[in-house]
Amino acid sequence: MHKTGLLGLCARAWKSVRMASSGMTRRDPLANKVALVTASTDGIGFAIARRLAQDGAHVVVSSRKQQNVDQAVATLQGEGLSVTGTVCHVGKAEDRERLVATAVKLHGGIDILVSNAAVNPFFGSIMDVTEEVWDKTLDINVKAPALMTKAVVPEMEKRGGGSVVIVSSIAAFSPSPGFSPYNVSKTALLGLTKTLAIELAPRNVRVNCLAPGLIKTSFSRMLWMDKEKEESMKETLRIRRLGEPEDCAGIVSFLCSEDASYITGETVVVGGGTPSRL
């Protein structure tokens with residue numbers, strides 16, 4: 001690292017130590033921002049919602065099932081965080097509209113969208129994928145993030161701009177065997193991110209992308225469900241552990257903050273040093 005860069009890191013670290021020792025609290029980088037996070041009652045989405053709220057945002061979580069929304073809201077409100085929620089199946093126009101309307105009604109507008117919802121309804125050869133599976137995968141994983149962004153941008157413009165983070169996957173760079181429609185859909189999100197970033201920049205809306213590697217969630221359970229599989233996966237990584245949802249959350253909060261005000265159209269890989277990405 002360049003000497004001046006190292007000095008800067010040391011200075012910021014020392015500032016944090018002084019603030020902690022003097023009883024000062026850190027600033028909330030997302031204070032009073034309003035954030036929507038889709039598929040946010042479990043796993044990566046839940047960790048992102050929690051972190052955004054911890055950093056000062058009013059967060060609206062969502063899921064397809066009411067009981068999951070209720071449980072997530074209760075948990076996060078129990079931690080003293082400003083979190084509400086509503087049912088939202090991102091593939092349904094009326095649900096997307098309700099999610100936006102809920103945020104506007106409760107908090108007066110929208111500043112942040114994190115598009116996290118995704119499905120993976122198929123495992124096998126791409127030659128065996130049916131039209132129905134293609135439609136479902138592309139509808140939820142690609143079309144829905146585009147339409148969700150379309151729905152929130154007018155509300156962001158009313159507040160002077162905003163930030164969108166689309167959750168893709170390491171599979172966009174290194175396709176996983178057997179997950180063919182999912183791989184394709186996550187690759188498409190890289191193009192969606194760049195296209196939206198170009199078109200929305202004049203509206204002061206930034207669009208970036210998160211590409212998680214293997215993160216320990218229920219969604220990825222089949223890849224690490226037994227110890228042998230988990231150890232095998234670790235051996236492929238430079239950082240010899242599987243990721244946790246919280247490893248993704250701080251990156252998203254940063255991308256939504258003013259610290260990232262000069263960043264748009266980029267994809268951040270959180271993959272533990274996957275060799276094909278180094």
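Asn32 sits in the loop between helix H1 (3–21) and E1. Let's start there and work through a few exercises. This is a predicted model, where local features need pLDDT of at least 70, side-chain atom pairs count only at pLDDT 80 or more, and totals for chains, interfaces and linings use all residues. Residues are numbered from 1 along each chain as its sequence is written, and side-chain values use heavy atoms, with hydrogens and water left out.

**Exercise 1: Two loop residues**

Find out which sign phi has in Asn32, and whether Asn32 is buried or exposed.

Step 1. Get the labels straight: helices (H or I, at least four residues) and strands (E, at least two) are DSSP runs, numbered from the N terminus.

Step 2. Look at the backbone angle. Phi of Asn32 is near 65°, so a positive value in a residue other than glycine. For background, most residues other than glycine have a negative phi.

Step 3. Check the accessibility. Buried means under 20% relative accessible area, exposed over 50%, and partly exposed in between (1.4 Å probe, protein chains only). Asn32 has 55% relative accessibility, so it counts as exposed.

Step 4. Repeat this for Ala39, in the loop between E1 and helix H2 (43–54). Ala39 isn't a glycine, yet its phi is positive, about 50°. With a relative accessible area of 31%, Ala39 is partly exposed.

**Exercise 2: Strand E1 and its partners**

Work out which residues cover the faces of E1 and which residue is the bridge partner of Ala35 in E2.

Step 1. Take the faces. Val34 and Leu36 lie on one side, Ala35 and Val37 on the other, and all are buried. As a general rule, in a regular strand the side chains alternate between the two faces of the sheet.

Step 2. Turn to the pairing. Two strands pair if DSSP finds at least two bridges between them. E1 and E2 are parallel partners with 4 bridges, and Ala35 has Val59 as its bridge partner in E2.

Step 3. Follow the chain from E1 through H2 to E2: this β-α-β crossover is right-handed. Right-handed means that, with the strands pointing away from the viewer, the path from the first strand over the helix to the second runs clockwise.

Step 4. Don't forget E4: E1 pairs with E4 in the parallel sense over 3 bridges, and Leu36 has Leu113 as its bridge partner in E4.

**Exercise 3: The whole sheet**

Give the order of the strands in the open sheet and say why one side of E3 and of E7 is left without a neighbour.

Step 1. Write down the order: the 7 strands run E3-E2-E1-E4-E5-E6-E7, with parallel pairing.

Step 2. Go to the edges. Strand E3 (83–87) and strand E7 (267–270) each have a single partner strand, so one side of each has no neighbour in the sheet.

Step 3. Add the twist: neighbouring strands are turned by 20° against each other on average, direction ignored. Axes are lines fitted to C-alpha atoms, for helices over the stretch in contact, and angles run from 0 to 180 degrees between N-to-C directions.

Step 4. Place a helix. Helix H3 (residues 66–78) packs on the sheet and touches strand E2 (58–63) and E3, with its direction at about 180° to that of E3. Contact means heavy atoms within 4.5 Å. E2, H3 and E3 form a right-handed β-α-β unit.

**Exercise 4: Asn141 and Glu79**

Describe which side chain joins that of Asn141 in a polar contact, then do the same for Glu79.

Step 1. Locate Asn141: it lies in helix H5 (residues 131–158). At 1% relative accessibility, it counts as buried.

Step 2. List the polar partners. A polar contact is a pair of N or O atoms within 3.5 Å; within protein, one must be able to donate a hydrogen and the other to accept it, and residues adjacent in sequence count only if both atoms are side-chain atoms. The side chains of Asn141 and Ser185 are joined by one of 3.0 Å. A polar atom of the Asn141 side chain also lies 2.8 Å from the backbone nitrogen of Val119.

Step 3. Move to Glu79, in the loop between H3 and E3. Glu79 counts as partly exposed, at 38% relative accessibility. Its side chain makes a polar contact of 2.6 Å with the side chain of Arg50.
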